[in-house]
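Welcome! Please take a moment to look over the molecule shown here, and then read on for a guided walk through it.

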Amino acid sequence: MSASRIGWIGTGVMGRWMAERLIRAGHNLSVNNIPRERTEPLLQLGAKFQSVQEIGQSCDVVFTMVGFPHELNELILSPSGLLKSMKPGSLLVDHTTSSPHLATIIAAEASKVGITSVDAPVSGGDEGAKNGRLAIMVGGEKSGFERAKPLMDNYGINIRHMGKAGVGQHTKLTNQIVLAGNMIGMVEGMMYGWRAGLDVDQMIDLISTGAAGSVYFKAVAPKIAKADHSPGFYVQHFVKDLGLALDECKRMKIVLPGLTMANQFYLSMVANGEEKLGVHALVKVLERLNNVKFGETVN
């Protein structure tokens with residue numbers, strides 16, 4: 001694997017760190033992103049900027065991590081997309097959180113031209129990517145998973161083959177449904193504790209060690225307390241994920257009221273121009289509902 005040429009398309013909030021960890025592990029990377037300047041930190045570490053077509057032609061393994069399913073469809077399946085330029089025998093690893101149905105289409109189309117494709121969405125945010133502690137949920141052929149895993153080990157701590165193509169995406173959407181419910185409980189609990197007059201920092205420190213604590217609570221509750229709404233994961237991408245989950249619910253004929261409510265909360269953030277904030281900025285919805293500003297002195 002160390003002798004393989006690796007391509008990485010999509011160097012955003014998380015992709016940049018994942019790609020960097022591959023470079024620091026000694027792998028040769030070709031990179032691409034729109035806008036191009038987001039690849040600059042990787043170019044300084046020795047990566048090479050190439051077009052999508054050049055990456056497909058020159059690389060043995062290509063990783064993709066873009067924002068939305070329509071972007072992924074264009075990147076991979078369009079007349080000038082990756083599958084038109086990748087070599088038979090190469091491996092495509094998609095880290096985008098996308099549609100399970102699209103993942104199955106990509107896998108089928110890739111197979112027709114001798115390419116193995118796996119869907120491998122991740123969870124853990126920018127800190128997980130930076131520190132190599134991502135959970136990675138993989139769907140597709142087992143042979144593709146086994147080929148990709150030594151590379152994913154550089155930025156993942158829990159990497160599992162979950163089943164056939166599309167199942168990785170179903171696993172990630174399950175993760176997002178759980179996260180959405182937890183996020184509502186987190187910001188409501190913090191709003192309650194603050195209005196009750198608790199020392200917020202002390203409250204966070206104590207609760208994080210109990211049953212309500214979680215890795216994510218420990219990561220973002222202190223940011224909420226400091227009104228730091230910077231993104232480890234964008235609201236606009238979370239809205240996309242929740243929408244995908246709701247589409248799958250319709251297909252499976254199930255109703256998830258909590259998911260629907262969370263989706264409405266996050267859509268209200270988009271309506272207020274907050275789509276570029278981190279998902280923990282959900283506290284701003286409660287501020288509007290209660291006509292308060294979290295953290296200000298309570299009269």
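What follows is a short tour of the annotated regions, the helices and a few individual residues.

This is a predicted model, in which local features need pLDDT of at least 70, side-chain atom pairs count only at pLDDT 80 or more, and totals for chains, interfaces and linings use all residues. Residues are numbered from 1 along each chain as its sequence is written, and side-chain values use heavy atoms, with hydrogens and water left out.

## Two annotated domains

Let us begin with the record. UniProt positions are given in the numbering used here, feature names are shortened, and annotations may be inferred rather than shown by experiment. An unreviewed UniProt entry places "domain: 6-phosphogluconate dehydrogenase NADP-binding" at residues 5–163. In the model, that span is 42% helix and 26% strand, and its end C-alpha atoms lie 27 Å apart. The unreviewed entry also places "domain: 3-hydroxyisobutyrate dehydrogenase-like NAD-binding" at residues 166–286. Here the span is 70% helix and 0% strand, with 35 Å between the end C-alpha atoms. Helices (H or I, at least four residues) and strands (E, at least two) are DSSP runs, numbered from the N terminus.

## Lys172 and helix α9

Which residue does UniProt list for "active site"? The unreviewed entry gives Lys172. Lys172 sits in helix α9, which covers residues 167–195. Is Lys172 buried or exposed? With a relative accessible area of 4%, Lys172 is buried. Buried means under 20% relative accessible area, exposed means over 50%, and partly exposed is in between, using a 1.4 Å probe and protein chains only. Leaving aside residues up to four places away in sequence, Lys172 touches Thr97, Pro121, Val122 and Met137; contact means heavy atoms within 4.5 Å.

## How α9 meets α12 and α14

Helix α9 crosses α12 (residues 235–252), where the two axes come within 9 Å and cross at roughly 110°. That makes α9 roughly perpendicular to α12. The axes of α9 and α14 also come within 9 Å, crossing at roughly 50°. Helices α9 and α14 are therefore oblique to each other.

A few words on the terms may help. Axes are lines fitted to C-alpha atoms, for helices over the stretch in contact, and angles run from 0 to 180 degrees between N-to-C directions. Angles under 35 degrees count as roughly parallel, over 145 as roughly antiparallel, 65 to 115 as roughly perpendicular and the rest as oblique.

From the α9 side, residues including His170, Leu173 and Gln176 meet α12 residues, among them Phe238, Asp241 and Leu242. At the crossing with α14, Val187, Glu188 and Met191 of α9 meet Val283, Leu286 and Glu287.

Helix α14 itself spans residues 283–290, and its buried residues are Val283, Lys284, Val285, Leu286 and Glu287. What covers them includes α9, α11 (215–225) and α13 (257–271).

Back in α12, we also find His237. His237 is buried, with a relative accessible area of 17%, and touches Gly67 and Phe68, not counting residues up to four places away in sequence.

## Backbone details

Some residues have a backbone worth a look. The peptide bond from Ile34 to Pro35 is cis, with omega near 5°, and Pro35 lies in the loop between β2 (28–32) and α2 (40–44). Just after α14, Asn291 takes a positive phi of about 55°. Two loop residues that are not glycine also have a positive phi, as the table shows.

| Residue | Phi | Loop | Relative accessible area |
|---|---|---|---|
| Ala227 | near 55° | between α11 and α12 | 49%, partly exposed |
| Lys253 | about 60° | between α12 and α13 | 74%, exposed |

## Cysteines and one last residue

How many disulfides does a search of the whole structure find? The search finds 0, where a disulfide is a pair of cysteine sulfur atoms within 2.5 Å. Cys59 is buried at 0% relative accessibility, and Cys249 is buried at 6%.

Finally, Lys149 belongs to helix α8 (residues 142–152) and is partly exposed at 29% relative accessibility. Lys149 and Ile159 are 10 residues apart in sequence, with 7.5 Å in space from C-alpha to C-alpha.
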